[in-house]
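The following exercises concern the architecture of one molecular structure. Each sets a task and then works through its solution step by step.

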Amino acid sequence: MTPETVRLDEPIHRTVSAHGQTTVHENELLRHPVYTRVVHWSYAIFFVLALLSGLAIYSPWLYRWLTPLFGGGPMTRLLHPWFSLAFVLIFALQLLNWSALMAWTSNDRRWLKRLKEYVTNEEPLEPEYVGFFNAGQKLYFWAIVGSCVLFLVTGIPIWFPATFGRAVVAISYVLHDVAALVMLAGFIVHIYEGTAQQPGTFQAMTRGTVEKRWAWTHHPAWYRAVTGRDPRADYEATVKRQANG
Amino acid sequence: MPTGTLQIKLSSGQMVPSPGRGVQREEEVCKYIDVTTCIGCKACEVACVEWNDMPFQQTTFDNTYQTMPSTAWNYWNLIKFNEHTREDGTFTWLMRKDQCMHCEDPGCLRACPADGAIVQYTNGIVDFQQENCIGCQYCVSGCPFDIPKFNSSTKKVYKCTLCSDRVGQGLEPACIKSCPTGCLKFGTKNDMRALAETRARQLREHSGFPNAGVYDPPSVGGTHVIYVLHDITKPELYGGLPSNPQIPVTYTAWKRFAKPIGLLLTLLAAPVAFFHYVTEGPKEPQPPDRPGRNVPQ
C-alpha cells in the first residue's frame with residue numbers, strides 16, 4: 001500500500017473506529033474490527049439492493065415482481081446505477097483495508113490443489129499454512145474486485161447511452177451481465193459458507209469475534225500469528241481435556 | 001398508445017407467446033414510400049404533428065430544407081433532404097421520409113427488457129407502450145435506423161406508431177392521408193410490395209434509373225415501411241439508410257439463449273449449496289461440542 005492510499009481511507013477508518021468497540025470473551029479472538037464490519041455490511045446492503053433491482057431488469061419475465069420494491073420499473077432503472085455506484089465505492093474501502101491480507105501466495109496454490117478435500121469435509125482441520133484468509137476467500141475477493149471494475153467500465157455507458165453510442169451499449173450490457181452472474185454465484189456460496197456451512201463464522205462479521213477453536217480449525221496460521229501458540233497442540237490438548245471429562 | 005382492436009403478437013420482456021398470436025385472421029400492413037415522386041412538401045410532417053397533437057416547436061436550421069437534423073421524441077416524421085450530384089455533374093435532391101420502419105424482426109423489441117413496453121401487433125406495427133417503459137434506452141442501441149428517441153424529463157422513449165390508433169379503427173396513417181403526390185400509399189404488405197416492384201421496374205425500364213429497386217431489408221425480416229429508391233445499391237445516400245441493417249448479436253443470441261441459461265446455471269449454486277449441507281454437513285470447529293463419528297451412510 002502506498003502512503004497516498006493509506007491517507008485516503010484513514011479519516012473514515014478513524015471516525016468509524018471511534019464509535020464502536022468489540023467485546024472479546026474468554027476463549028475468543030478478535031477477528032474483524034469495528035471498521036471492517038461496518039464497511040462490510042454497508043456494501044453488503046448496497047449489493048443486495050443492486051442485485052434485486054438488477055435482477056428485475058436482467059429478467060423481467062421472472063423478476064418483475066421485484067420492481068414494486070423500488071417504486072416500479074422506471075424507478076428501478078433509475079436507482080440501480082446509484083445502488084451499484086455506492087456498492088463499488090464502499091467496496092473500494094475494503095480493497096484498501098484488505099489488499100495486504102488478500103495477497104496471493106504459494107500456499108494458496110497448495111490449498112487449491114486440495115479443494116476437493118475441502119469441499120467434501122474430508123479433513124476436519126485445515127492445513128497449518130492457512131492464514132487469515134484461505135485461497136477460496138481470496139479468489140472470491142479478487143473476483144469481486146474484477147467484477148467491480150467490469151461493472152463500472154460497462155455500467156457507465158449503459159447509464160449514459162447517448163454519450164457512448166449504440167455499439168458500446170450493446171457490448172457493455174453483455175459484459176455487465178457476465179460480471180453480475182459471477183457475482184451472484186459467488187454471493188450464494190459466500191452466504192452458505194458464512195452461515196450454515198461453517199458454524200461460528202457469522203459472528204466474526206457481526207460481533208467481530210470467533211472462538212479460538214474456530215481459529216485453529218479454519219485458519220491455523222492466523223491462530224499461530226495472533227496467539228503465538230501451536231494450533232495443533234492446542235487442539236490436541238482440548239481433545240484430551242474433553243476425553244478426561 | 002391505444003391498441004384499439006389490434007392484437008399483440010410479440011411483447012418485450014416476455015418469453016412466452018403473446019395471447020394475440022394466431023387468434024385472428026389479420027393482414028400485415030405496409031406503408032409504401034416512393035422517394036422518386038416525393039416533392040419535399042412536408043405535408044406528412046405537418047399531418048403527423050397535427051394528428052399526434054405534438055407541440056409546435058423551434059427547430060434547428062442547418063443550411064438545408066430539412067426541418068431539423070433528426071427525428072425527435074415529439075417529432076416522429078421527418079423528410080431528409082440530401083443534395084446529390086450525379087455522375088454527369090447535374091444536381092438532384094434525394095428526399096426521404098424518415099420514420100420508424102416497423103421491422104418484422106424489431107431490434108428495439110429484442111433489446112427491451114421491460115415487460116410489455118414494446119409490442120408488435122399481428123398487423124406488423126411495432127408500438128411503444130410508454131406506461132411500461134422503464135427508460136433504460138436499450139431500444140435505442142437495438143434499433144439499426146436510429147428511431148427511438150428518449151425524453152429525459154419523462155424518462156420514456158417515443159417513436160412513430162404508424163398511427164396504430166387510426167389503423168386500429170380502419171383508417172390510414174395521417175401522413176398517407178396528407179400526401180399530395182401519391183408517393184405515400186398504405187395497404188397490405190403484399191399489395192404494397194407488388195406496387196413497389198412495378199414502380200421500380202417502370203423506373204428501370206422507362207425512366208433511366210437502371211439501379212432502381214425496393215428497399216425492404218431481409219436482415220430485419222423485411223419492414224412494414226418500404227421505399228422505392230432510384231438507386232437501391234446506395235441507400236446510404238438517402239440520409240443514412242443502412243444497406244444491411246443489423247440488430248446487435250448481443251440482443252439476439254445472448255439475450256435469447258445465453259442470458260436465461262447463464263442465470264439458471266448461476267442460481268443452481270443455491271440448490272447445490274443446500275444439498276451440500278444435506279450430504280456433507282457443516283464443518284464444525286474442532287473438537288465439536290458433542291464428540292461424533294462419521295458413518296458411511
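**Exercise 1. Two helices from two chains**

How are H9(A) and H8(B) oriented to each other? Determine this from the axes of the two helices, bearing in mind that the model is predicted.

*Solution.* Two packed helices are described by the angle between their axes and the distance between the axes. Step one is to locate the pair: H9 spans residues 166-197 of chain A, and H8 spans residues 269-280 of chain B. Step two is to take the geometry: the axes come within 9 Å and cross at roughly 25°. Step three is to apply the cut-off, by which angles under 35 degrees count as roughly parallel. H9(A) and H8(B) are therefore roughly parallel to each other. The hand of their crossing is right-handed.

Step four is to list the residues that make the contact. H9(A) contributes Ala185(A), Ile188(A), Val189(A), Tyr192(A), Ala196(A) and Gln197(A), while H8(B) contributes Ala269(B), Ala270(B), Ala273(B) and Tyr277(B). Sorted by class, the contact of H9(A) with H8(B) holds nine nonpolar residues, one polar residue and no charged residues.

**Exercise 2. The contact between the chains**

How many residues does each chain bring to the contact, and which element of chain A gives the most?

*Solution.* Begin with the totals: 41 residues come from chain A and 36 residues from chain B. Next, assign the side of chain A that touches chain B to its elements. At least two residues each are supplied by H2 (34-58), H3 (60-63), H4 (73-98), H9, H11 (212-218) and H13 (231-243) of chain A. H9(A) gives the most, with 15 residues. Finally, divide this side of chain A by class: 24 residues are nonpolar, 11 are polar and six are charged.

**Exercise 3. A helix pair within chain A**

At what angle do H2(A) and H4(A) pack, and how far apart are their axes?

*Solution.* The packing angle is about 150°, and the axes are 8 Å apart. Since angles over 145 degrees count as roughly antiparallel, H2(A) and H4(A) are therefore roughly antiparallel to each other. The crossing of H2(A) with H4(A) is left-handed. The contact of these two helices comprises 15 nonpolar, 10 polar and one charged residues.

**Exercise 4. The overall form of chain B**

Why is chain B described as more spread out than a compact globule?

*Solution.* First, take the inventory: chain B has eight helices and 11 strands. Second, compare radii: the radius of gyration of chain B is 26 Å, well over the 19 Å that the globule rule gives for 297 residues, so chain B is more spread out than a compact globule. Third, consider the extent along the principal axes, where the C-alpha atoms fill a box of roughly 100 × 40 × 40 Å. Fourth, note that 42% of the residues in chain B are buried.

**Exercise 5. Backbone exceptions in chain B**

Where do Lys155(B) and Leu162(B) lie, and is each buried or partly exposed?

*Solution.* Most residues other than glycine have a negative phi, and most peptide bonds are trans. Lys155(B) has a positive phi, near 55°, and is placed in the loop between E7 (149-151) and E8 (156-158) of chain B. With 17 C-beta neighbours inside 10 Å, Lys155(B) counts as partly exposed. Leu162(B) also has a positive phi, near 55°, and lies in the loop between E8 and H4 (164-167) of chain B. Leu162(B) is buried, with 28 other C-beta atoms within 10 Å. As a last step, consider the peptide bond from Gln286(B) to Pro287(B), which is cis with omega near -10°. Pro287(B) is in the segment after H8 of chain B.

Definitions and conventions:
Residues numbered from 1 in each chain as written. Chains lettered and ligands numbered in written order. Predicted model: local features only at pLDDT ≥ 70, side-chain atom pairs only at ≥ 80, totals over all residues. Helix = DSSP H or I, 4+ residues; strand = E, 2+ residues; numbered from the N terminus. Rg over C-alpha atoms; globule rule 2.2 N^0.38 Å. Buried ≥ 20, exposed ≤ 12 C-beta atoms within 10 Å, placed from the backbone. Axes fitted to C-alpha atoms, helices over the stretch in contact; angles between N-to-C directions. Parallel < 35°, antiparallel > 145°, perpendicular 65-115°, else oblique. Left-handed = near helix turned anticlockwise from the far one by under 90°. Contact = placed C-beta atoms within 7 Å. Nonpolar A, V, L, I, M, F, W, Y, C, P; charged D, E, K, R; others polar.
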